[in-house]
Amino acid sequence: MNWIAIGTLSDIPQRGARCVDTPSGKVAVFRTAEDRVFAIDDHCPHKGGPLSQGIVHGAAVTCPLHNWVISLETGKALGADEGCVRTIPVKVEGDLLFIALEAHAHKAA
Ligand code: FES
């Protein structure tokens, strides 16, 4: 695992997100109302909508395009929809955020 620094917690508004460019694609980093931080691919499993522009509620995000709800914890679509995005490990040290990039990134099944 390569941990890369992606800024600070205060860079992300509560219930907001930011998009980080990585060698394995765009990663959406979310901060929940409870200050939990999650990172998933910024690519909706439905039609690739930008999840970082979705609405965060609890530990899930609603895709801005067609309202699929994606769990930030598992990357899975919730409800009747089926699909999954890659989840990326996040580490918080003080106010600093890091995400883990695998040497060979792969999509979660
Ligand atoms: S692209 Fe996300 S719900 Fe359709």
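User: Is D35 buried or exposed?
Analyst: This is a predicted model: local features need pLDDT of at least 70, side-chain atom pairs count only at pLDDT 80 or more, and totals for chains, interfaces and linings use all residues. Residues are numbered from 1 along each chain as its sequence is written. Buried means 20 or more other C-beta atoms within 10 Å of a residue's own, exposed means 12 or fewer, and partly exposed lies in between, with C-beta atoms placed from the backbone. D35 has 10 other C-beta atoms within 10 Å, so D35 is exposed.

User: What is the phi of D35?
Analyst: D35 sits in the loop between β3 and β4. Most residues other than glycine have a negative phi. D35 is not a glycine, yet its phi is positive, near 65°.

User: Which loop holds N67?
Analyst: N67 also has a positive phi without being a glycine, at about 70°. N67 counts as partly exposed because it has 13 C-beta neighbours inside 10 Å. Its place is the loop between β6 and β7.

User: How many strands does the chain have?
Analyst: Helices (H or I, at least four residues) and strands (E, at least two) are DSSP runs, numbered from the N terminus. Read along the sequence, the pattern is β-β-β-β-β-β-β-β-β-β. Helices come to zero, and strands to 10.

User: How far apart are the end C-alpha atoms of residues 4–99?
Analyst: The UniProt record, an unreviewed entry, annotates residues 4–99 as "domain: Rieske". UniProt positions follow the numbering used here, feature names are shortened, and annotations may be inferred rather than shown by experiment. Over this stretch the chain is 0% helix and 45% strand, and its end C-alpha atoms are separated by 6 Å.

User: How many bridges join β2 to β3?
Analyst: Strands count as paired if DSSP finds at least two bridges between them. β2 (residues 16–22) and β3 (residues 25–31) run antiparallel. A hairpin of two residues links them, and D21 has K26 as its bridge partner in β3. The bridges joining β2 to β3 number seven.

User: Which strands stand at the edges of the β5-β6-β7 sheet?
Analyst: This is an open sheet with antiparallel pairing. Each edge strand has a single partner, so one side of each is left without a neighbour in the sheet. The edge strands are β5 (55–57) and β7 (69–71).

User: What is the bridge partner of A60 in β7?
Analyst: β6 and β7 pair in the antiparallel sense over three bridges. In β7, A60 is matched with S71.

User: Which strands pair on one side only in the sheet β1-β10-β9?
Analyst: Three strands make up this open sheet, and they pair antiparallel. Four bridges join β9 to β10; one bridge pair is E93 with L96 in β10. The strands that pair on one side only are β1 and β9 (90–93).

User: Which residues does A5 touch, not counting residues up to four places away in sequence?
Analyst: A5 belongs to strand β1 (residues 2–8). A5 counts as exposed because it has 11 C-beta neighbours inside 10 Å. Contact means C-beta atoms, placed from the backbone, within 7 Å. Leaving out residues up to four places away in sequence, A5 touches L96 and F98.

User: Which strand gives the most to the largest nonpolar core?
Analyst: Such a core is a set of buried Ala, Val, Leu, Ile, Met, Phe, Trp, Tyr and Cys residues joined through C-beta atoms within 7 Å. The largest one has 23 residues, and those with the most contacts inside it include A28, F30 and I40. The elements giving two or more residues are β3, β4 (37–41), β6 (60–62) and β10 (96–101). With four residues, the top contributor is β3.

User: What is the radius of gyration of the chain?
Analyst: The radius is taken over C-alpha atoms, and the globule rule is 2.2 Å times the number of residues to the power 0.38. The C-alpha trace spans about 35 × 30 × 20 Å along its principal axes. For 109 residues, a compact globule would have a value near 13 Å, and the chain agrees, with 13 Å.

User: What share of the chain counts as buried?
Analyst: In soluble globular proteins, nonpolar side chains tend to be buried together. Of the 109 residues here, the buried share is 29%.

Methods. Two residues are in contact if their C-beta atoms, placed from the backbone, lie within 7 Å.
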